Amino acid sequence: MYSFGYRFNTVFTAAAVLVALLCGLASFSDYFSTPSVHASAQVLKINRFRKQLNGNDEVALTLNISVDLQSTFTWNTKQVFLFIAAEYETAKNSLNQISLWDHIIPDKDKAKFQTQITNKYPLIDQGSNLRGKKIKLVLHWHVMPKVGRMIKDNMVMSEFHLPEMYT
Ligand SMILES: *[C@@H]1O[C@H](CO)[C@@H](O)[C@H](O)[C@H]1NC(C)=O
C-alpha cells in the first residue's frame with residue numbers, strides 16, 4: 001500500500017530530475033551559441049602621465065569606446081560583466097593587466113553603446129616602465145547565466161604607445 005508520503009516523494013523526485021535536466025540543457029545550449037562581439041576604443045586624450053613620488057608611473061586617460069555585446073545575450077543570460085584592461089609587457093612580467101573601467105549590462109537593450117570614459121581605476125605601473133610603452137586595450141567580458149557555468153572571453157580593442165615624456 002502506498003502511503004501519501006511515498007507518493008509525494010515520487011512526484012517530488014520526478015520534478016527534481018526534470019528541473020536538473022532542464023538546467024543541464026540550458027547550460028549545454030550555451031556551448032552552441034557563438035557570439036560575435038564588436039568593440040573598439042580610441043585614446044582621445046592622455047590627461048596625466050607622471051611619475052609618483054614613490055617612483056611608480058601613473059596615467060589618466062580619456063577613451064572613446066564602442067561596444068556591442070548584444071550577441072552574448074541568450075534566454076539564459078542574467079547579466080554581462082565587462083571590464084577594459086590596459087595590458088603591457090615589462091622585463092619583470094610578460095603580462096601586466098590593469099583594469100581601467102568596468103560595467104554591468106543588465107539586458108540586451110543596453111548591450112550596445114558608444115561613450116567616452118575616463119579611467120575609473122588608476123593605471124599605475126609597479127615601477128617606471130611606461131614611457132613609450134605599447135599598451136593594448138582589451139575588452140574582457142563575463143557572461144553570467146541564469147543556470148550553468150559563467151563564460152569568460154576577451155578581445156583586443158586597440159593598441160597605442162604612451163608618450164616618451166611625462167606631462
Ligand atoms: C567615437 O567613436 C565613434 C564610433 O566608434 C565615432 O563615431 C565618434 O566620432 C568618436 N568620437 C570621437 C570624439 O572621436
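Reader: In this predicted model, where buried means under 20% relative accessible area and exposed over 50%, is Asn76 buried or exposed?

Author: Asn76 has its place in the loop between β2 (57–68) and β3 (77–88). Its relative accessible area is 2%, and because buried means under 20%, Asn76 is classed as buried.

Reader: Which backbone oxygen does the side chain of Asn76 reach?

Author: The residue in question sits in the loop between β2 and β3. From there, at a distance of 2.9 Å, the side chain of Asn76 reaches the backbone oxygen of Val147.

Reader: Which residues are linked with Glu58 in a network of salt bridges?

Author: Glu58 in strand β2 forms a salt bridge with Arg48 in strand β1 (residues 38–51), the closest N and O atoms being 2.7 Å apart, and the two residues lie 10 residues apart in the chain. Glu58 also meets Arg50 in a salt bridge, at 2.7 Å from N to O. Glu58 counts as buried at 7% relative accessibility, whereas Arg48 is partly exposed at 36% and Arg50 is partly exposed at 38%. The residues linked with Glu58 in the network are therefore Arg48 and Arg50.

Reader: What is the N to O distance in the salt bridge where the side chains of Asp102 and Lys120 meet?

Author: Asp102 is buried, with a relative accessible area of 17%, while Lys120 counts as partly exposed at 47%. The side chains of these two residues, Asp102 and Lys120, meet in a salt bridge with an N to O distance of 2.6 Å.

Reader: How many salt bridges does a search of the whole structure find?

Author: The pairs described above include Glu58 with Arg48 and Asp102 with Lys120. Over the whole structure, the number of salt bridges found by the search is five.

Methods. Residues numbered from 1 in each chain as written. Predicted model: local features only at pLDDT ≥ 70, side-chain atom pairs only at ≥ 80, totals over all residues. Heavy atoms only, no water. Helix = DSSP H or I, 4+ residues; strand = E, 2+ residues; numbered from the N terminus. Buried < 20%, exposed > 50% of the residue type's maximum accessible area, 1.4 Å probe, protein only. Polar contact = N/O pair within 3.5 Å; in protein donor to acceptor, adjacent residues only side chain to side chain. Salt bridge = Lys/Arg side-chain N within 4 Å of Asp/Glu carboxyl O.
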